[in-house]
Amino acid sequence: ELESHLQKCQQLSVTVLTDHQDLNNTELKTILNSVAPQQFRIRAKLRTYKPQKLYQSVKLHCSKCNSLQEVPDGDDFGLILQGSTVTAPNPELHNTSWYDSVTWTTQDQKQRKIAIHFVKCGEMLQEPEDTLLMIEGGTLRELWKLTKRFKCVIPVRSTESDLELLDLSAPFLLQGNIKYYGCKQCSTPKPIRSLSSIAAEQQPSWEPTEIAQVLGIELLQYVFVMKFTLVDGSGSLNAYLFDY
């Protein structure tokens with residue numbers, strides 16, 4: 001709908017793009033020669049807008065280093081998951097004081113070993129819609145199936161001493177149909193056992209910001225970014241839209 005509206009704006013000879021009715025119209029040439037910040041009202045034509053496909057406008061932003069990143073492709077995530085299956089789940093890390101573990105081997109040719117660790121609240125498992133779980137050796141399809149039933153899913157792999165997050169090119173957390181990413185530059189990932197501090201709470205809510213904090217992850221936020229080129233005969237002005 002927005003894409004259609006933008007195309008109509010390009011076809012119109014003049015478009016009012018701001019709403020400050022108390023201000024007189026100012027030519028773009030005057031704005032370009034002014035010192036910021038000031039407030040103006042303009043009448044201009046939309047010459048171009050980028051990106052042309054609106055889905056490309058969604059980026060990942062780190063508020064700490066102020067970087068903008070492309071949202072990783074789903075195929076990349078699948079390859080990272082595939083690479084994590086090389087390391088088999090470590091049985092010594094199963095069934096701890098704060099999570100219960102279930103393991104099995106797939107019946108297909110690859111005979112993948114899968115482990116799911118269900119985080120407990122006290123000594124009890126929570127209802128599925130309130131549960132955080134960690135999965136080793138799962139495929140992208142299997143992860144999405146789990147997100148439909150359980151509140152939070154974290155893909156992990158085994159080391160000798162603890163479970164750990166995958167490469168931060170992959171989402172560190174899935175909740176519903178949302179993938180949460182961490183900034184590679186600003187994050188210092190901690191062992192998964194750090195989550196036990198949240199599990200010790202009476203009724204853990206498993207909020208992404210809290211999970212990111214205890215795991216040493218600088219959470220990336222989804223932002224909407226666009227560039228508009230405006231013209232009015234006196235000059236050309238680039239306008240940028242940036243919003244969460």
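## Aromatic pairs

At 40% relative accessibility, Phe242 counts as partly exposed in this predicted model, since this value falls between the limit of 20% for buried and that of 50% for exposed residues. Tyr244 has a relative accessibility of 54% and is therefore classed as exposed. The rings of Phe242 and Tyr244 are paired, with their centres 5.9 Å apart. Their planes stand at 80°, so the arrangement is edge-to-face, because planes over 60 degrees apart receive that description.

The rule yields a count of three aromatic pairs. One of them joins Trp98 and Tyr99, again as an edge-to-face pair, with 4.8 Å from centre to centre and an angle of 85° between the planes. Trp98 is buried, at 11% relative accessibility, and Tyr99 is buried as well, at 3%. Both values fall under the limit of 20%, which is why the two residues are placed in that class.

## Domain organisation

The domain assignment divides the chain into two discontinuous parts. Domain 1 comprises 41-64 + 218-243, and domain 2 comprises 76-181 + 189-217. Phe242 of the pair described above thus falls within the range 218-243 of domain 1, while Trp98 and Tyr99 belong to the range 76-181 of domain 2. The distance between the C-alpha centres of the two domains is 37 Å.

## Contact between the domains

Five residues from domain 1 and nine residues from domain 2 take part in the contact. Between them, the domains bury an area of about 540 Å². Carbon and sulfur atoms contribute 66% of this area.

On the side of domain 1, Glu218, Leu219 and Tyr222 account for 80% of the area buried against domain 2, a share that exceeds the contribution of any other three residues. These three residues lie in the range 218-243, the second segment of domain 1.

## Character of the interface

What classes of residue does domain 1 present to domain 2? The side of domain 1 that touches domain 2 has four nonpolar residues and one charged residue, with no polar residues. Glu218 belongs to the charged class, whereas Leu219 and Tyr222 count as nonpolar.

How many salt bridges and polar contacts cross the interface? The rule finds zero salt bridges between domain 1 and domain 2. Polar contact, by comparison, is found for three residue pairs across the interface, with both residues of each pair at pLDDT 80 or more.

Methods:
Residues are numbered from 1 along each chain as its sequence is written. This is a predicted model: local features need pLDDT of at least 70, side-chain atom pairs count only at pLDDT 80 or more; totals for chains, interfaces and linings use all residues. Side-chain values use heavy atoms; hydrogens and water are left out. Domain bounds come from an automatic or database domain assignment. Contact means heavy atoms within 4.5 Å. Buried area is the accessible area (1.4 Å probe) that two parts lose on being put together, summed over both. A salt bridge is a side-chain nitrogen of Lys or Arg within 4 Å of a carboxyl oxygen of Asp or Glu. A polar contact is a pair of N or O atoms within 3.5 Å; within protein, one must be able to donate a hydrogen and the other to accept it, and residues adjacent in sequence count only if both atoms are side-chain atoms. Rings of Phe, Tyr and Trp (its six-membered ring) pair if their centres lie within 6.5 Å; planes under 30 degrees apart count as stacked, over 60 as edge-to-face and the rest as tilted. Buried means under 20% relative accessible area, exposed over 50%, partly exposed in between (1.4 Å probe, protein chains only).
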